[in-house]
Amino acid sequence: MEHGSKERLLELAHFLKTRRARISPELAGLPHAGRRRTPGLRRGEVAQLAGVSVDWYTWLEQGRDIQVSTQVIESIARALQLDATERRHFFLLALQQLPADPVPPASEISPALQQFLDLQGICPAYVTDPRLNIVGWNQAASRIYGTYETMSARERNSVWRTFTSPYVRELLQENWEKHARHRLAHFRACYGSYSGDPWWMELIEDLSHASEEFREWWPRHDVLNGPEGLKVNYHPSVGKLVFEQVSFLLSDAPHLTVTINMPRDDGETASKLRLLLSHS
């Protein structure tokens, strides 16, 4: 065994022991077994909860070089009640790969993140989840891109809205196709982690019925990620707005992407945004 692999497996062994030690039988839904010499679950109890043999789990916790599957790692992660960050760490140690995440994590944003969005002021800012749903926004974003507060969950999906909303087409005008192709390629890249998931399949089918462009472009399998850079909008009240776009993932919620559109230093966009927000 290579030195790097040995260190990784030892790290995995220590990680499993510490996660097991913090869970009581009661917390795991097992009958109370009286006082124990050491805290937490026994190896056999973890194996029982995960549906694997005691010997196999023991070998894993001993850092032995054994074959593991994603299904078994998922089962152990559930048995040990790992949070999203711990689960990712477990996958990297056990399989040297990230989990596919067939079900996206909860998409509610924290009060601190909402405060961050609000502090962006005249810069439209919003948060998207892995499905490209808009799950958080500030007032500037709502005034420019649409009143998210009154939209349905489907309408807040940025891909659905791009291909079905007349307002978005009017907002983007000659830039609509470039934006739509970029959004679709981002959606295709995200879909790679959720292929076959019923939510994605339903949206893809509905978009295929609703949009001729989607039907034509989806089979091309274009993929990309990242911000759009320069972005031009045509707002019905204040006219042309030019933005520079930046996006980043959150370190404490890596399934969420924050996007901020900053007014380009053209002497007009910022003043138009202040005017627009002053009338809200």
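**Exercise 1. Find which residues of helix α10 are buried, and what they pack against.**

Step 1. Trp176, His179, Ala180, His182, Arg183, Leu184, Ala185, His186, Phe187, Arg188, Cys190 and Tyr191 are buried in α10. Buried means under 20% relative accessible area, with a 1.4 Å probe and protein chains only. Helices here are DSSP runs of H or I with at least four residues, strands are E runs of at least two, and both are numbered from the N terminus.

A word on the model: it is predicted, so local features need pLDDT of at least 70 and side-chain atom pairs 80 or more, while totals for chains, interfaces and linings use all residues. Residues are numbered from 1 along each chain as its sequence is written, and side-chain values use heavy atoms, leaving out hydrogens and water.

Step 2. Twelve of the 16 residues of α10 are buried, so the helix is largely enclosed by the rest of the structure.

Step 3. Look for contacts, meaning heavy atoms within 4.5 Å. The packing partners of these buried residues include β1 (125–128), α11 (198–210) and β3 (230–235).

**Exercise 2. Work out how strand β1 is placed among its partners.**

Step 1. Ala125 and Val127 point one way from β1, Tyr126 and Thr128 the other way, and all are buried.

Step 2. Strands pair if DSSP finds at least two bridges between them. β1 runs antiparallel to β5 (residues 257–263), joined by four bridges, and pairs in the antiparallel sense with β2 (residues 134–137) over three.

Step 3. Follow Thr128: it stands opposite Thr257 in β5, and its bridge partner in β2 is Ile134.

Methods:
Buried < 20%, exposed > 50% of the residue type's maximum accessible area, 1.4 Å probe, protein only.
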